[in-house]
Amino acid sequence: MTDTVTREFGTVGVIGLGTMGAGITEVFARNGHRVIGVEVNDAGVERGRQHLEHSTGRAVKREKMTEAEQAELLGRITLTTDMRDLAEADLVVEAVVESLEVKKAIFRTLDDIVRPDAVLATNTSSLSVTEISTANSSPGRVVGVHFFNPAPVQDLVEIIRTVVTEPDVLADVQGLLVALGKNPVVCGDKAGFIANTLLFGYLNHAVSMYEGKYASREDIDAAMRFGCGYPMGPLALLDLIGLDTAYEILDTMYKQGRDRLHAPAPILKQYVTAGLLGRKSGRGFYTYETPDSPVVV
Ligand code: 3HC
């Protein structure tokens, strides 16, 4: 990594305040950045606000943060439904639904809003960063920054460089992530990047094992927790990631790489169709009273 960081990223815009977007907003605000969070409607803004209050409230309860520090942190965040509020952003991180069309429309719109020297990043987990970047008139200022869930906790961030990402943009984003206390790694633009390519073959295999009634969900998860030291078993982790997100990631990777390890296990699609999306919907492989609560059954 180079130590010649040239840009200041005082104000950061985050588009999309779902699980990942709200988590990313918290990461920047915790580190003193001013954050402008954008959602598509008032309900989205409210959901983002609740996520931020809940997550920082947990830190207060655990005595990792005082109430005054929480108020200061939240005070650095402005939530809005107007993308034009991003005019003063030094960096914009897009974290909306995994749809190429939606993401491209956002990068196109940003052309008319942000300064020409602002850096644009997408938190896509499997779509082509190159394709997203070409929707903007300056694709050289676009990078992938792939945070992991929960974003305030996981240290890894993958930085995805395209064939046209400018080297100084890459270096500055690397420097910024290190300053945030993250561990950035850099890779090229291939569906799944480094971690999801390796992780999702394993997760998908666990679903197939469960689907084939080879072992119970508890035993599959226990095997990896107690045998391999993973913090969560694969089925509990899928519930945390969201089964819809997991399905999309596997499907994209399979279509690009045709590696049968990534052909989504059929039951995954059935769960998604039935609305069993994991923690966020209250039920996935396990059942939960709230997105944060322990497993109920
Ligand atoms: N948001 C913010 N903070 C959270 C959190 C959340 N959703 N969940 C837990 N935390 C914090 C807690 O406040 C606590 O903080 P502290 O140490 O400062 O007190 C810390 O994390 C530990 O939490 P807990 O004691 O409640 O629980 P655990 O020790 O069991 O940890 C876990 C929970 C961090 C989720 C841990 O089980 C874990 O790391 N699991 C694996 C997660 C993982 O693999 N993520 C990657 C998924 S793949 C991905 O994101 C890619 C994408 O493209 C799909």
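Let's start with one residue pair: isoleucine 160 stands opposite cysteine 187 in strand β8. Before going on, some ground rules. This is a predicted model, where local features need pLDDT of at least 70 and side-chain atom pairs count only at pLDDT 80 or more, while totals for chains, interfaces and linings use all residues. Numbering starts from 1 along each chain, following the sequence as written. Helices (H or I, at least four residues) and strands (E, at least two) are DSSP runs, numbered from the N terminus. Two strands count as paired if DSSP finds at least two bridges between them.

Now back to the pairing. Strand β7 covers residues 156-160 and β8 covers residues 183-187, and the two run parallel over five bridges. Glutamate 158 is another residue to look at here, standing opposite valine 185 in β8. Turn to strand β6 (residues 142-147), and the sense is antiparallel: β6 pairs with β7 over four bridges. Isoleucine 160 turns up again in this pairing, as the β7 residue opposite glycine 144.

How well covered is β7? Four of its five residues are buried, where buried takes 20 or more other C-beta atoms within 10 Å of a residue's own, exposed takes 12 or fewer, partly exposed is in between, and C-beta atoms are placed from the backbone. Helix α6 (residues 167-179) joins β7 and β8 in a right-handed β-α-β unit. Right-handed here says that, with the strands pointing away from the viewer, the path from the first strand over the helix to the second runs clockwise.

Zoom out and you get an open sheet of eight strands in the order β3-β2-β1-β4-β5-β6-β7-β8, with mixed pairing. At its edges are β3 (77-80) and β8, each pairing on one side only. Neighbouring strands are turned by 25° against each other on average, direction ignored; the axes are lines fitted to C-alpha atoms, for helices over the stretch in contact, with angles running from 0 to 180 degrees between N-to-C directions. Elsewhere in the sheet, β4 (residues 91-94) and β5 (residues 119-122) pair in the parallel sense over four bridges, with glutamate 94 opposite threonine 122 in β5.

Next, helix α8. Its 12 residues, 217-228, reach 16 Å from first C-alpha to last, close to the expected 16 Å at 1.5 Å a residue (the expected span being 1.5 Å times one less than the number of residues). Which residues of α8 are buried? They are Arg217, Ile220 and Asp221. They lie on the same side of α8 because they cover an arc of only 95° around the axis, taken from the directions from the helix axis to the C-beta atoms. Exposed Asp219, Phe226 and Gly227 sit on the face turned away from that buried side. The buried residues pack against α7 (195-211) and α9 (234-241). After α8 comes glycine 229, with a positive phi near 75°.

Finally, look inside α9 for aspartate 239. Aspartate 239 counts as buried because 27 other C-beta atoms lie within 10 Å. Its C-alpha is 3.9 Å from that of glycine 278, though the two are 39 residues apart in sequence. Leaving out residues up to four places away in sequence, aspartate 239 touches Gly278, Arg279, Gly284, Phe285 and Tyr286, contact being C-beta atoms, placed from the backbone, within 7 Å.

How values were computed:
Contact = placed C-beta atoms within 7 Å.
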